[in-house]
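Got the model open in your viewer? Switch to cartoon view, keep the selection box handy, and let's walk through it stop by stop.

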Amino acid sequence: MASSRSTCLLSKSKSKLPGVGVPRHSHPRAHSQSHSWMMMMVPPHRRRRSPPPCCASGGGFPSRVQTALDLWCSLDAQEGGLEQEDTLMLTRANLDVVEERVCTRLEFGTAGLRGLMGAGFSRMNAVVVVQTTQGICAHLLDTFDNDTLKRRGVAVGYDARVNSDHFARAAAAVFASKGIQVFLTSEPCPTPILAAAVSYKQCAAGVMVTASHNPKEYNGYKVYWSNGAQIIPPVDSLCAAAIEQNLDIWERPNTDDIASHPLVSDPLAMVAHQYFDDMVKNLHFRPNRENASTRVRVAYTPLHGVGGPCAEKAIAMFGLPPPVRVPAQAEPDAAFPTVTFPNPEEGADTWSLCFQAAEEAGATLALANDPDADRLAAAEWNATTGKFEPFSGNEIGALLGHWVWTEYAKAHPDVDKSKCALLCSTVSSKFLGAMARAEGLHFEETLTGFKWLGNRARELEEEGMTVLFCFEEAIGFSFNFALTPDKDGVAAAAVFNEMAAALDAERGVTVREHLASLYERYGTFANRQGYVVRDPAANADLFAKLRASYAREVGGVRVARVRDMGMGFDGTPDECDAGAAGEPSLPWTKGDLMITYYLEGDAEVTLRASGTEPKLKWYLDVQTSGGADAGALAAAVQAELLGV
C-alpha cells in the first residue's frame, strides 16, 4: 500500500487553514465571527431586546396562537432579532400560516433537524437551534458523568449556508454555558471533517450545521454521538424529549464572541492532519509516480459548497494530477446560483457546467460533491454516444466496494475473509451481497440512512470485524476501517480517481467497461428508482391504503413476501393481512412509512417516505438472471402502488 505522509496542507488555499476551510460566502444574511461586523450588518431596529410592538400588542389571533406568537417574538429578540423581517410578515399572515409557524415545532429526527429557514418554532432559526442544543446538552449531562463530559467535550462545525456559522456559534455557547469543552471549527468545513473531529478528539457528541444537498432556503443540524456515528434510537427520542423539557432559554456566554471563550478551541489543524494522514495510509493503493503519469483527466465540482479545497488536497496527496476546476461553482455560494437544486443526483441541470469544463479540457471523468461534501457523484465520457453518462449510486457502490476489497486483500494476503465486512442499506443494490458471498466476506444490510450503517459498523468492529466499506444508493460511501463511520465524499473522490487511473494503466479499460466485467463475474443487477413529491399527510393516506390489503402481485409478478417496517410484519401478503406475519429482522418502528415487496424472479420493490424531504421514494432492484423485467416492473410500481 502506497504511503505519502505530509506535514502541511495545501499552501495555496485561500482559507485560514489550507486544505480544510473555505472562503466565507458573501450572502447578506451570513454572519462572520467578527462581532463588530455582524452588528454592522444588523440594522439597529433588529437589535432590540424586547418583542416588536406588532407582536406584543396582539394581532387579533386566538389567544393560544397569539400567546405562541408573542413568545416567538420575545425569544427571537433575545437572539438578536435575526428573523424580525420574516416575523413582521408572519404577523400579517392568515391564521393557518401563523398557527403552523408558532404552534408546531420543527421535528427532531433523522439524526437531527432539517427544514426551511425563517421565523417560528417550525423553522430553522437561532431560537430553535438554541433550544435544540439545550436539550442535547441536558441529555449529555444525564448520560455522562460531569467530569467525563467536560473532558471529552463536543465538536461543532458548519457549512457555508446562510446563518450556518451563527447557528454553530449559538450551539457552542450553549455547551460552554454548562462548562463543557467545545471544539468549534473556525471556518466552514465539510461534514466528513466534523465527523472525524468527533472520533479523533474522542468527543461525547458532535453537531454539524448543514442542510447537505437541500435547496438554498434550508438549513439543518446533524447530531453525532460518542461512537462517531449519527444518532439512532433511543438516543434520538431521548434527545427530543429533553428538548421539550428545556425550551426556556438558558443564560450563556455571548454568541458572537464565543470563539474566544476559554472552553472553546479550534480543532481543524489537528483533525485535518490526522484525517488526510489516515486517508493516505489506508486508501491510497498505488505509488504516486504511477498515479502522476495517468492519462485519465478528471473534472471536479463542489457545487458551490465547501468540498473543493479538501477534495483537491486528497487527490493531490494520492499523487494524481490536479482536477479540472469548474470556475463558476468552485467557491462557496449559499445562493447556489448555477443550479436549480444543489444535488448531484438531480441530473443534467446540476452536471452541465462540469461536463462543459470536462469536454473543453479533454477530461473523461467528472466528479461532484454535494455542498457539504459527504456524498460523491461520478460520470464518464462515452465515446460511442459522444456524451458524459453518470453512474448511479448503486454502480459507484459496486465499483468502490470491489476496488477497496481487492486492494485491501493484496496488502493483507493472509487476512481472514470472514472477518472482513461490507454493508449497504436495504434499499441499495444487492450486488455487494452477491460479491461478498462469492469472495467469502461478511455482508449485512441495514435500514435506510447512514446513521444505521455507521452504528452497525461500529458494533461489528467491537465484535472483531474489519468493516471495509459501507454504502447507500443515495451516493453515500464510507471506508470505515480507514476513517470514520459516516459517509465521506472527499475520500470517495480520491479513491474513485485512483481506481480509474489504475484501470486505464493496468488493463486499458474505462470505468464502465470494468463495471460490466464485475456484472459478468458476480451477476447483473438492474436498479430503478424515483420519487413523488408529496406532503406527509398524503404519504400517510397512501400507506394506509396499501396496508388495508397488501398487494398480491406487481406488474403481473407474484408477491412472495412483504416486509412492513411500520407494522412489524414480515410474511406472505395473506399473513400480513391477518396480522399473523413474523417480525422483521431489522429494527422497526410502529407507524414508519416503509414497505418492501419481495417478488418472484429475484426482484424487490421498496416504498419509503423520506425523513428529510417531502418525498415518497420508490426503489426497485432486479437480478436479471431471475427473469423479471426491470422496466416493466418500474412502470407497474408507479401505476399500481403509487397511483401516478
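**Stop one: the sheet**

Start with the open sheet of four strands, whose order is β13-β12-β14-β15 and whose pairing is mixed. Select 442-446 and 476-478 to pick out the edge strands, β13 and β15, each of which pairs on one side only. On average, neighbouring strands in this sheet are turned by 15 degrees against each other, direction ignored. Bear in mind as you go that this is a predicted model.

Now select residues 420-425 and 466-472. These are β12 and β14, which run parallel and are joined by five bridges. Show side chains here and you'll find Leu422 opposite Phe469 in β14.

**Stop two: the helices on the sheet**

Next, add residues 393-411. This is helix α15, lying across β12, β14 and β15 and running at about 170 degrees to β14. Then add 431-439 for helix α16, which packs on the sheet and touches β12, β13 and β14. The direction of α16 makes about 165 degrees with that of β12.

**Stop three: the rings**

Time for the aromatics: the whole structure has 17 aromatic pairs. Take Phe469 and Phe471 as sticks; they form a stacked pair, 6.1 Å centre to centre with 20 degrees between the planes. Add Phe477 and look at its ring against that of Phe469: the centres are 6.4 Å apart and the planes at 10 degrees, so this pair is stacked.

Are these rings buried or exposed? Phe469 has 0% relative accessibility and counts as buried. Phe471 is buried, at a relative accessible area of 1%, and Phe477 is buried with a value of 1%.

For another group of rings, select Trp351, Phe355, Trp381 and Phe388, which make up one aromatic cluster.

**Stop four: helix α18**

Finish at residues 489-507, helix α18. How far apart should the ends of its 19 residues be? At 1.5 Å a residue the expected span is 27 Å, and the end C-alpha atoms are 26 Å apart, which agrees. Turn on a surface for the rest of the structure: 16 of the 19 residues of α18 are buried, so the helix is largely enclosed.

Zoom in on the start of α18, where a side-chain oxygen of Asp488 comes within 3.0 Å of the backbone nitrogen of Val490. Then go to the other end, where Gly508 follows α18 with a positive phi, near 65 degrees.

How values were computed. Residues numbered from 1 in each chain as written. Predicted model: local features only at pLDDT ≥ 70, side-chain atom pairs only at ≥ 80, totals over all residues. Heavy atoms only, no water. Pairing = 2+ DSSP bridges. Helix = DSSP H or I, 4+ residues; strand = E, 2+ residues; numbered from the N terminus. Axes fitted to C-alpha atoms, helices over the stretch in contact; angles between N-to-C directions. Contact = heavy atoms within 4.5 Å. Expected span 1.5 Å × (residues − 1). Buried < 20%, exposed > 50% of the residue type's maximum accessible area, 1.4 Å probe, protein only. Polar contact = N/O pair within 3.5 Å; in protein donor to acceptor, adjacent residues only side chain to side chain. Phe/Tyr/Trp six-rings, centres within 6.5 Å; stacked < 30°, edge-to-face > 60°.
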